[in-house]
Each structure stands twice: as structure tokens, then as C-alpha cells.
Amino acid sequence: MRMPAGAGALKAIGLVALAALALALPVIAPDPGTTNIAVFTMMYVGLSTAWNIMGGYTGYISLGHAAFFGFGAYSLGLLLNHLHIAPGYGPFFLVPVAGLLTALLAVAIGWVALRTRAATFVIVTIAFMFMLQLLAENLVGLTGGGAGLSFPVPPWGGDFFNTPYYYAMLALAVLAILVSWSIRRSKFGLGLLAIRDDEDKALAVGVPTRAFKLTAFVISAALVGMIGGVYGYYVTFIYPQFVVDPLIGISMVLMAFLGGLGTLSGPVIGALLLEPAQLQFAYHFGASRLYLVLYAAVFLVVILLLPRGIVPSLLDLLARRRHRRAAGPRANPTDARTASTPASPVASP
């Protein structure tokens with residue numbers, strides 16, 4: 001269905017305004033508290049969108065994407081340390097290399113995991129995530145083990161410290177959105193949606209399901225790995241239990257479900273709503289871990305009230321309203337028949 005010209009113009013104006021606000025945010029609100037929230041919000045916009053390329057478009061729910069996040073962080077950290085890269089803006093140029101290395105890992109994992117389906121696939125991805133976490137803890141000579149791995153400390157500081165990381169996360173979030181948009185509009189994306197609807201039928205009509213699934217898995221993992229690399233440089237010190245963290249994987253999945261699984265804007269909306277709220281809960285209740293109650297509450301709301309997510313639910317509501325408006329008031333059939341039937345003559349007494 002073609003979008004009306006007025007609606008298209010309003011959408012374009014809204015996107016331009018949103019982009020201008022995102023670019024100007026560190027100038028409008030330069031305080032470290034706000035920019036820190038902005039960094040993590042953009043991080044999860046990118047993570048949720050990247051996860052949606054696999055989980056939303058193919059229907060294969062992965063709960064192990066935190067493995068790619070952590071692998072990207074370790075990849076960039078090891079590259080910086082072994083190549084003796086000076087701190088500053090230089091490490092950002094190696095982020096794509098971390099994404100490429102993560103993509104190679106995803107090829108190996110996907111080759112095994114994508115032989116399974118449904119709940120088995122979920123379990124396999126979780127198993128690979130914990131395997132990678134254990135490797136990071138035990139390969140002390142490579143990763144530093146439980147003592148952690150350090151990154152070069154950037155030379156900037158003060159209120160400006162978060163700004164370069166914010167723009168790096170914003171760039172990766174925009175990249176993830178553009179990749180997701182291009183996939184959604186392509187024959188490749190159509191094949192992924194066919195796999196989600198009925199994989200056996202998609203295979204029967206000629207869709208190379210295994211190649212399509214593996215490609216989506218690798219693209220998704222590469223984007224997550226690059227974001228993990230920037231995160232590692234941002235915190236300057238990483239530990240296995242914090243970068244290969246199941247909560248990171250659950251968060252990106254929950255945000256995609258909250259906004260609308262398989263939609264373009266759903267993961268973005270879910271991250272913009274959930275991550276700032278989660279950070280506020282963590283800042284106020286972090287010591288007692290009570291902020292985790294927020295995740296449980298959101299899970300219940302999504303499952304019980306918005307099983308399809310915010311975007312599909314709103315689109316359904318708007319479609320129903322347009323349908324009722326187009327149908328207009330309907331005449332009562334009984335009244336119509338009564339009006340069309342001539343009155344019977346009254347019998348004389």
C-alpha cells in the first residue's frame with residue numbers, strides 16, 4: 001500500500017529532526033551523566049537492530065549473541081595491545097577488523113548451530129556463549145583471564161570523554177539500521193521472511209535456506225562484534241563475566257520483542273524506551289540488583305499485553321480505525337426493509 005504524500009513528508013521531517021537531535025545531543029547536554037546514558041542507548045539500538053536481522057527476519061531466536069559482543073571486545077583489545085596502537089582516535093579504525101574476526105567466528109558457530117531449529121537452536125547458542133566465556137576465563141596468557149584485559153586509555157577527559165564513543169556508537173547504530181533496511185527491501189530479505197513463515201515451504205520453492213540463514217547470522221554477529229569492540233575501548237578494561245554476559249544477550253532480544261520483532265523500527269523503539277529506564281534503575285538500585293525486576297516486569301507486559309510488540313500493535317490499531325472510518329455508518333437492514341415496503345391499508349371497521 002502506497003503511503004500518502006503528506007504522511008511521507010511528515011515521516012521524512014521526523015527522521016531529519018531525529019537525526020539532527022542525535023547529532024547535536026553532546027552539545028545540547030554535555031554533562032557526563034547524560035552522555036553516558038546516550039552511549040549505552042545507542043549501543044543497544046545497534047545491538048537490538050543487529051540481532052533482529054537474524055532473530056526477527058528468520059525467526060531463529062538466538063540467546064547467545066553476547067558471545068559475539070564479547071569476542072568483538074577481546075578482538076579489538078588484543079589488536080590494540082599487540083600492534084601497540086596509540087590511544088586516541090586510531091583504535092576506532094580497527095573496529096571493522098574486530099567485526100571481520102567476529103564474522104569468521106560466526107561462520108564456524110553458525111555452521112553447527114544452524115543445523116538445528118526452534119528450541120534446540122536456542123540451547124545451542126546459549127551453550128556456545130558459555131563455552132566462549134569459559135575460554136576467556138581460562139586462556140589467561142591470551143585474555144588475562146579473571147584479571148581482565150586492559151585497553152589503551154584515551155588522552156581526552158572531562159565532559160568530552162564520552163563524546164567520541166557516543167558518535168562511534170551512533171555510527172554503528174545507523175549502520176545496523178541501514179543494513180537492516182536494505183535487507184528488508186531485498187530478495188534476500190524476502191527469503192529470510194519466507195524462512196520465518198515456513199522454512200520447509202521456502203526450501204520447496206527454491207530458497208537456499210541454509211545459505212540465507214548463515215549469511216544473516218554472520219551479518220548480525222559482525223555488527224554485534226563491532227559494537228562490542230567500541231564498548232571495550234569505552235570501559236578501557238574488560239572481564240569475561242561482563243562482556244560475555246547473558247544479560248546483554250537477553251537485553252537485545254527483549255528490546256526487539258518490545259518494539260516489534262521483525263520490524264525495522266521496532267528494535268530502535270524498544271532500545272530507546274528500555275535502556276534509559278534500565279540505566280536509571282541500575283543507578284538507583286544497582287547495589288541490590290533490584291533493577292533486574294524491570295526486565296521481569298517488561299517480559300510479563302510484552303508476553304501478556306503486547307505479544308507482537310509496540311509497532312505491530314499500533315499498526316493493527318491504526319488499520320482497524322481506517323477500516324471503520326472507510327466503512328462509515330451502516331444502515332440497519334431491518335430499517336431498510338421497513339422503509340422500502342409500502343404500508344398496508346388499514347381495514348375499515
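Let me begin at the surface, where R320, R321, R322, R324 and R325 together form a positive patch. Please keep in mind throughout that what we are looking at is a predicted model. One member of that patch, R321, sits in helix α15, which covers residues 310-327, and R321 counts as partly exposed because its relative accessible area is 45%, which falls between the 20% and 50% limits.

There is a second surface patch to show you, and this one is nonpolar: F299, L300, V301, I303, L304 and L305 make up about 620 Å². Of these residues I would pick out L305, which is placed in the loop between α14, residues 292-304, and α15, and which is exposed at 63% relative accessibility.

Staying with charged side chains, let me turn to the salt bridges, of which the structure holds 5. As a reminder, side chains of opposite charge can pair when their charged atoms come close. R308 pairs with D316, and their closest N and O atoms are 2.3 Å apart; R308 is partly exposed at 48%, and D316 is also partly exposed, with a relative accessible area of 29%. In another pair, R196 bridges to D197 with a closest N to O distance of 3.8 Å, where R196 is partly exposed at 34% and D197 is exposed at 61%.

The pair I would like you to look at with some care is K213 with E199, whose closest N and O atoms lie 2.8 Å apart. This pair links distant parts of the chain, since K213 belongs to helix α10 and E199 to helix α9, residues 199-204, with their positions 14 residues apart. Are these two partners buried or exposed? K213 is buried, with a relative accessible area of 4%, and E199 is buried as well, at 9%. Both residues also take part in a network of salt bridges that links R117, E199, D200 and K213.

That brings us to helix α10 itself, which has 27 residues and reaches 39 Å from its first C-alpha to its last, close to the 39 Å expected at 1.5 Å a residue. Because 22 of its 27 residues are buried, α10 is largely enclosed by the rest of the structure. Within α10 we find A222, a buried residue with a relative accessible area of 16%, and its C-alpha is separated by 6.2 Å from that of L100, although the two are 122 residues apart along the chain. Just after α10 comes T236, which takes a positive phi of about 65 degrees; T236 lies in the loop between α10 and β2, residues 237-238, and at 18% relative accessibility it counts as buried.

A positive phi in a residue other than glycine also appears at A118, where the value is near 50 degrees. A118 is found in helix α5, and this residue is exposed, with a relative accessible area of 60%. The same helix, residues 118-138, contains E137, which is partly exposed at 30% and whose C-alpha lies 6.0 Å from that of P240, a residue 103 positions away along the chain.

Finally, helix α7, residues 163-184, has 22 residues and spans 31 Å between its first and last C-alpha atoms, close to the 32 Å expected at 1.5 Å a residue. Its buried residues include Y165, Y166, M169, L170, L172, A173, A176 and I183.

Conventions:
Residues are numbered from 1 along each chain as its sequence is written. This is a predicted model: local features need pLDDT of at least 70, side-chain atom pairs count only at pLDDT 80 or more; totals for chains, interfaces and linings use all residues. Side-chain values use heavy atoms; hydrogens and water are left out. Patches are made of residues with over 30% relative accessible area and no salt bridge: like charges are joined within 9 Å, nonpolar side chains (Val, Leu, Ile, Met, Phe, Trp, Tyr) within 5 Å. Accessible areas come from the Shrake-Rupley method with a 1.4 Å probe; for residues, only the protein chains shown count as cover. A salt bridge is a side-chain nitrogen of Lys or Arg within 4 Å of a carboxyl oxygen of Asp or Glu. Lys and Arg count as positive and Asp and Glu as negative; His and the chain ends are not counted. The place of a charge is taken as NZ of Lys, CZ of Arg, CG of Asp or CD of Glu. Helices (H or I, at least four residues) and strands (E, at least two) are DSSP runs, numbered from the N terminus. Buried means under 20% relative accessible area, exposed over 50%, partly exposed in between (1.4 Å probe, protein chains only). The expected span of a helix is 1.5 Å times one less than its number of residues.
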